[in-house]
Amino acid sequence: HIVLFLRELYSRFFSFLSWVFLFAVWVIRWEEERYTDGSKWRFLEHKGPVFAPPYEPLPDNVRFFYDGKNMKLSAPAEEVATFFAKMLDHEYTTKDIFRKNFFKDWRKEMTPEEKSKLTDLNKCNFSEMNEYFKAQSEAKKQMSKEEKQKIKEENERVLQEYGYCIMDNHKERIGNFRIEPPGLFRGRGDHPKMGMLKRRIRPEDIIINCSKDSKQPKPPPGTRWKEVRHDNKVTWLVSWTENIQGSIKYIMLNPSSRIKGEKDWQKYETARRLKKCVDRIRAQYRDDWKSKEMRIRQRAVALYFIDKLALRAGNEKEEGETADTVGCCSLRVEHIKLYPKIDEQEYVVEFDFLGKDSIRYYNKIPVEKRVFKNLQLFLENKQPEDDLFDRLNTSILNKHLQELMDGLTAKVFRTYNASITLQQQLKELTCPDDSIPAKILSYNRANRAVAILCNHQRAPPKTFEKSMQNLQTKIDEKQKQLSTARKQLKTAKADHKRKAVQRIEEQLMKLQVQATDREENKQIALGTSKLNYLDPRISVAWCKKWGIPVEKIYNKTQREKFAWAIDMAEDDYEF
DNA sequence: CCTGCGACTTGCATTCAAAGAC
DNA sequence: GTCTTTGAATGCAAGTCGCAGG
């Protein structure tokens, strides 16, 4: 007995120790390691990027025709031609700007002879190339299991070698360790640069960032890096300058990494601080609607929109460099319409503009009389293309916000309003007696409310109608099944019959819930809000409170990204 | 102030792979 | 097993915001 007792004591002691240890690890991982000098790490080691595979010239039997005549292209010209040929089925290639930009850049890659011969894109026939690539992708699909397995293994090997780095004491997953391959730029919306050639990135374009005491990544044989630097004030491992906009691209860590997780946590903590003082800020901007200064009134009305409608800040953009899209501060007169009275409502503002990614924002909302009067004032003597808020920009607004609360910027309102909406909707929609699938439907509905607030849209999936139909047939079948099962139960009141009925009822309910969920989600994208705006601790707490496994709302990747929240949040967490 | 740049987050679409239907 | 469908992973464009330098 004594031996058993000691054993028990030992095991308790060790389980206690391991608990202490785990807790310490948790604290170290999420609480410690705030460098006070702005540095992001002390040690960083990685293998550098993976480059795009080199161009493989087309076989001779794949021909290109100009003006009906077969023509063998030089390798550089041929490569660019294949980019276009691959996109032939896409609507892009019919657009004037796309064709014009492509042709201009293509000609730069041609030999002098090619340049003098190929003067009209309309006379170019890429169809054999196009068919060749279609056949190739078809062949890829038809590959044997073994061949597919081999490719998979090779990918896994590359991932193991290049996909991880050491940052401080952790091995971390890298987000995007492959360099973007060359191709034709496809902007979103009406982009003036669509069709331009995105050039191939070489080692000589690459800046490596790592710590001095690390093993430096080696450039491919016979090449060298543009630069190797040791800047621990930034988080990126690799950077290069892209040729379309001249902007810098980075290789950074995966969202599951310490450095991203901490930043994410910080973001939600800032939003929670806003929660504490949002009433004061709202009172202030309402007061500012009456200011004698125009710039203050504009600032106050803009902030009201950002708060109420979750609009983005709206930085100025260089004209002609990008698609014409706007956010709050860059709204123009042409983007709003004022209705003193419409459909029984007073002081209605109609918004209609293209926002980020050229997604349309359309909304008609009644506003306070004072806001309405201010808007009328802002519109006076202006042309449609003039700025609505001519005395305001994001930098002015953010400076003001900074004075109202440390760390406050326009986007914090989006985070705050998204998260608080989720929390409040979950409270409102979750019925304690509901089954798990019904509760998850409620969760999705709460998530959907946020997505609608943030205007997160998607193109309805091409197969949407069909997949809805399929689901409906399943439901019909299940209903038939249920009625037969019920009949059988009536004739023979056996226990297993009763159970069968119950089981089928459950299945039917599950299907119906699924159908509702899918229908409501037709044009709404939940992913962005889930990943970027909703404090994951709200969701984790909700799961704990109602006994819902976290896996039901977060998949593996999401659980990795939100590991910090899954660790932290208890069932009583309040945003 | 204004402008441009740099770093980092956000966002939709496409591609890929696993699950489910046949 | 094979074909379809679906959800996850990836891709990369497009925002936000702070800061340096004139």
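In this predicted model, the centres of domain 2 and domain 5, taken over C-alpha atoms, sit 38 Å apart. Those two belong to a set that splits up chain A: domain 1 covers 1–31, domain 2 is built from 39–51 + 147–253, domain 3 spans 64–142, domain 4 runs over 260–416, and domain 5 takes in 418–568. So much for the layout of the chain. The UniProt record adds a label of its own: an unreviewed entry lists residues 184–547 as "domain: DNA topoisomerase I eukaryotic-type". Over residues 184–547, helix makes up 49% of the chain and strand 11%, and the C-alpha atoms at the two ends are 49 Å from each other.

Now for the helix pairs, starting with H2 and H3. Helix H2 (residues 75–86) packs against helix H3 (residues 96–109) at an angle of about 160 degrees, and their axes are 8 Å apart. Angles over 145 degrees count as roughly antiparallel, so that is what H2 is relative to H3. The crossing of H2 past H3 is right-handed. On the H2 side, Pro76, Ala77, Val80, Ala81 and Phe84 take part, and they meet Phe98, Arg99, Phe102, Trp106 and Glu109 in H3. Sorted by type, the residues of this contact come out as eight nonpolar, two charged and no polar.

Next up is helix H11 (residues 410–429), which has contacts with H16 and with H12. Take helix H16 (residues 536–546) to begin with: its axis and that of H11 come within 9 Å and cross at roughly 15 degrees. Because angles under 35 degrees count as roughly parallel, H11 and H16 are roughly parallel to each other. H11 passes H16 in a right-handed crossing. Here Ser419, Leu422, Gln423 and Leu426 in H11 touch Ile538, Ser539 and Trp542 in H16. That contact of H11 with H16 holds four nonpolar and three polar residues, with no charged ones.

The other partner is helix H12 (residues 436–453), whose axis comes within 9 Å of the H11 axis, with a crossing of roughly 145 degrees. H11 and H12 also make a right-handed crossing. From H11, the residues involved are Asn417, Ala418, Thr421, Leu422, Gln425, Leu426 and Leu429. Facing them in H12 are Ser442, Tyr443, Arg445, Ala446, Asn447, Ala449, Val450 and Leu453. In the contact of H11 with H12, nine residues are nonpolar, five are polar and one is charged. Leu422 and Leu426 of H11 turn up in the contact with H16 and in the contact with H12.

How values were computed. Residues numbered from 1 in each chain as written. Chains lettered and ligands numbered in written order. Predicted model: local features only at pLDDT ≥ 70, side-chain atom pairs only at ≥ 80, totals over all residues. Heavy atoms only, no water. Domains from an automatic or database assignment. UniProt positions renumbered as here; feature names shortened; annotations may be inferred. Helix = DSSP H or I, 4+ residues; strand = E, 2+ residues; numbered from the N terminus. Axes fitted to C-alpha atoms, helices over the stretch in contact; angles between N-to-C directions. Parallel < 35°, antiparallel > 145°, perpendicular 65-115°, else oblique. Left-handed = near helix turned anticlockwise from the far one by under 90°. Contact = heavy atoms within 4.5 Å. Nonpolar A, V, L, I, M, F, W, Y, C, P; charged D, E, K, R; others polar.
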